[in-house]
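Got the viewer open and the cartoon view switched on? Let's take a walk through this one, stop by stop.

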Amino acid sequence: MNGALNVRTVIDGTEYTQDDIRRWELDRARNALALLKNRIGDELMRELLTEDLRVADEAMAPLPDASGGAWRSAVTEMEIGGTTAEEFLTWWQGRLASGDRTALLAANPEHYLAASADGVVEIIETIGSGPLRFFLTFHDGVAIADEGHETYPVRIGGTGRLTDGTEICRVMHEFGDGPRGLRVRLTIRFPASAPEHVFTGHQWHFACEFLNWLEAAHAAR
């Protein structure tokens with residue numbers, strides 16, 4: 001037979017759609033991934049990804065010089081009804097300050113490690129096509145002031161460096177309230193010569209992780 005696959009599923013007399021089953025699968029996949037990340041732990045995760053991180057370093061470290069000092073932004077913007085900047089930031093900054101490993105890793109399936117120490121967050125997450133290890137420090141003076149930045153009262157910027165100290169990214173998370181609720185603008189800059197998928201991939205990465213954090217903050221109210 002030709003045409004689209006059409007599945008009818010009945011459990012205890014109730015009929016469920018394919019979307020129902022996919023939602024169940026997503027929930028269970030998240031739980032399975034959280035279990036594995038917790039069982040593996042940070043030290044073994046670093047060990048397991050050693051070769052991936054070596055390859056990523058070799059690909060990313062030359063980019064600043066190859067870009068001649070030029071940087072390019074990838075931006076994701078969100079509007080969220082039902083919450084405010086203060087409500088979300090109270091929860092989110094609390095998770096960062098306490099080094100809440102569970103909340104930080106759960107935000108994105110491609111968060112492999114997030115360890116805070118002395119104001120620096122060691123991160124292993126997918127940048128481009130594979131895991132990259134970098135060290136993110138939040139600080140003032142990050143040179144990202146895109147058009148309209150003055151409409152975001154809260155701006156949290158930082159710099160990410162590879163293990164050898166190479167500056168590989170700059171971030172700016174902006175928050176404010178608008179007519180429809182919380183407004184968020186998420187910006188990351190990579191050296192301009194980075195491959196296109198590095199930029200587009202992180203736009204989706206931001207959308208995923210902040211949606212999960214927003215939902216977790218809302219549930220915790």
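Start by selecting helix α1 together with three strands: α1 lies across β4, β5 and β6 (130–138), and its direction makes about 70° with β4. Now add helix α2, residues 50–60, which also packs on the sheet. Helix α2 touches β5, β6 and β8 (167–178), and runs at about 70° to β6. Keep in mind as you look around that this is a predicted model.

**Zoom out for a moment**

Show the whole chain. You should be able to find six helices and nine strands. Along the principal axes, the C-alpha atoms fill a box of roughly 65 × 45 × 40 Å. Of the 221 residues in the chain, 38% are buried. If you turn on the surface, you are looking at about 12600 Å² exposed by the chain, with carbon and sulfur atoms supplying 53% of that area. Contacts tell you something too: among those between residues at least 6 apart in sequence, 60% join residues at least 24 apart.

**Walk across the sheet**

Next, hide the helices and color the strands. In what order do the seven strands of the open sheet come? Reading across, you pass β3-β9-β8-β7-β6-β5-β4, and the pairing is antiparallel. The two edges are β3 (71–80) and β4 (111–117), each of which pairs on one side only. Look along the sheet and you'll see that neighbouring strands are turned against each other by 25° on average, ignoring direction.

Stay at the β4 edge. Strand β5, residues 120–127, pairs with β4 over six bridges in the antiparallel sense. Select Ala117 and look for its bridge partner in β5: that's Val120. Between these strands is a loop, and Asp118 sits in it. Asp118 has a positive phi of about 55°, although it is not a glycine. Is Asp118 buried or exposed? With a relative accessible area of 82%, Asp118 is over the 50% cut-off, so it counts as exposed.

Now cross over to the β3 edge. Here β3 and β9 pair antiparallel over 10 bridges, and Ser73 stands opposite Arg189 in β9. On to strand β9 itself, residues 181–191: 11 of its 11 residues are buried, so this strand is largely enclosed by the rest of the structure. Nine bridges join β9 to β8, again antiparallel. One pair to click on is Met172 and its bridge partner in β9, Thr187. Follow the chain from β8 to β9 and you trace a hairpin with two residues between the strands.

While you have the strands on screen, try showing side chains. In a regular strand the side chains alternate between the two faces of the sheet.

**Two buried stops**

Bring the helices back and select Leu49, in the loop between α1 and α2. Leu49 has a relative accessible area of 11%, under the 20% cut-off, so it counts as buried. Which residues does Leu49 touch, leaving aside its neighbours within four places in sequence? Look for Tyr112, Ile124 and Pro131. You can also draw a distance from Leu49 to Leu132: they are 83 residues apart along the chain, yet their C-alpha atoms are separated by 9.2 Å.

Then jump to helix α6, residues 196–219, and pick out Asn212. Asn212 is buried too, at 15% relative accessibility. Not counting residues up to four places away in sequence, Asn212 touches Arg30, Ala106 and Ala107.

**Last stop: out on the surface**

Finish by selecting Asp12, in the loop between β1 (9–11) and β2 (14–16). Phi of Asp12 is near 50°, a positive value in a residue other than glycine. Asp12 is exposed, with a relative accessible area of 79%.

Now select Ile11, Tyr16 and Ile21 and show their surface. Together they make a nonpolar patch of about 250 Å². Ile21 belongs to helix α1, residues 18–48, which takes you back to the helix that lies across β4, β5 and β6. Ile21 has 34% relative accessibility, so it counts as partly exposed.

Definitions and conventions:
Residues numbered from 1 in each chain as written. Predicted model: local features only at pLDDT ≥ 70, side-chain atom pairs only at ≥ 80, totals over all residues. Heavy atoms only, no water. Patch = residues over 30% accessible without salt bridge, like charges linked within 9 Å, V, L, I, M, F, W, Y side chains within 5 Å. Areas by Shrake-Rupley, 256 points an atom, 1.4 Å probe, with all protein chains shown as cover. Salt bridge = Lys/Arg side-chain N within 4 Å of Asp/Glu carboxyl O. Helix = DSSP H or I, 4+ residues; strand = E, 2+ residues; numbered from the N terminus. Buried < 20%, exposed > 50% of the residue type's maximum accessible area, 1.4 Å probe, protein only. Pairing = 2+ DSSP bridges. Axes fitted to C-alpha atoms, helices over the stretch in contact; angles between N-to-C directions. Contact = heavy atoms within 4.5 Å.
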